[in-house]
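Hello,

Here is the structure to be handed over. Notes on some of its helix packing and one of its pockets follow below it.

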Amino acid sequence: MLINKGDIVLFQGDSITDCHRHPDNPLGEGYPFIAANIFSALYPEMDVTFINRGISGNRVVNLRDRWQEDCLDIKPNVLSILVGVNDTWHRYSENISCTAEEYKSVYREILIQAREKTNAKLILMEPFLIHMKEGQDKWREDLNPKIMAVRELAQEFDAVYVPLDGIFAAAVAKAPMKTWIFDGVHPTPTGHALIAKAWLDAVGVDIRWPK
């Protein structure tokens with residue numbers, strides 16, 4: 001299993017990771033909360049600390065700007081990152097462009113810092129999209145190269161990779177889109193449970209669901 005006794009596990013990302021976290025509920029209400037509590041219920045003796053530092057609206061450059069305080073100073077043993085959909089979304093909603101090359105360059109920069117200053121094991125989760133609203137299908141020309149960039153970075157940094165875009169595509173084949181996603185981007189509670197299951201699978205926790 002990727003996680004060891006006494007580890008600090010840090011979740012980083014945007015609103016999907018943030019998911020309404022606040023001082024009284026620092027893990028939020030989404031996949032970090034679900035995954036951390038299932039893990040802790042299964043392995044209470046491991047005394048693992050889970051921390052959520054996702055911030056709604058963040059793009060990869062925002063992670064870089066706060067990386068020292070919200071990652072390096074925490075010194076995680078395991079670092080999980082989900083970022084990228086805002087780097088696409090903001091192109092269409094706010095005319096803020098970020099090419100796949102720029103995205104990959106900044107992403108690589110924060111991974112290098114994490115590797116050099118924390119030696120954390122890395123979990124990279126690909127950004128995802130369900131075409132739920134009019135025009136979201138056009139986002140693919142921007143998002144798909146960013147997904148490919150995360151795959152390439154996962155290989156470069158020997159990271160655990162979680163293919164969320166494919167996982168959600170498969171989920172939509174089993175149940176309506178509204179089961180999983182509110183607006184094409186933000187998961188429902190069921191969608192967050194799907195991410196949590198994929199994350200736990202990736203770190204080596206065996207939770208068996210019906211096929």
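Which residues in α5 meet which residues in α7? V85, D87, T88, R91 and Y92 in α5 meet E141, D142, L143 and K146 in α7, where contact means heavy atoms within 4.5 Å. By class, this contact of α5 with α7 has three nonpolar, one polar and five charged residues. (Ala, Val, Leu, Ile, Met, Phe, Trp, Tyr, Cys and Pro count as nonpolar, Asp, Glu, Lys and Arg as charged, and the others, Gly among them, as polar.)

This is a predicted model, in which local features need pLDDT of at least 70 and side-chain atom pairs count only at pLDDT 80 or more, while totals for chains, interfaces and linings use all residues. Residues are numbered from 1 along each chain as its sequence is written, and side-chain values use heavy atoms, with hydrogens and water left out.

Helices (H or I, at least four residues) are DSSP runs, numbered from the N terminus. Axes are lines fitted to C-alpha atoms over the stretch in contact, and angles run from 0 to 180 degrees between N-to-C directions.

The axes of α5 (residues 85–93) and α7 (residues 140–156) cross at roughly 160° and come within 9 Å. That makes α5 roughly antiparallel to α7 (the term covers angles over 145 degrees).

Helix α7 also packs with α6 (residues 100–117), at an angle of about 30° and with the axes 9 Å apart. The two are therefore roughly parallel (under 35 degrees). On the α6 side the contact includes Y103, Y107 and L111, and on the α7 side A149, V150 and L153 are among the residues met. The contact of α6 with α7 divides into eight nonpolar, no polar and five charged residues.

Helix α8 (residues 164–172) and α10 have axes that come within 11 Å and cross at roughly 130°. They are therefore oblique to each other (outside the ranges above and outside 65 to 115 degrees, which is roughly perpendicular). L164, I167, F168 and A171 of α8 make the contact with G191, L194, I195 and A198 of α10. Seven of these residues are nonpolar, one is polar and none is charged.

The second largest pocket is lined by 14 residues, with C19, H20, F182, P187 and H192 nearest its centre. Two elements, α1 (15–18) and α10 (189–203), give two or more residues to its lining. (On a 1 Å grid over the protein atoms alone, a pocket is an open set of points where a 1.4 Å probe fits, with protein on both sides within 12 Å along at least five of seven lines; lining residues have an atom within 4 Å of a point.)

Regards
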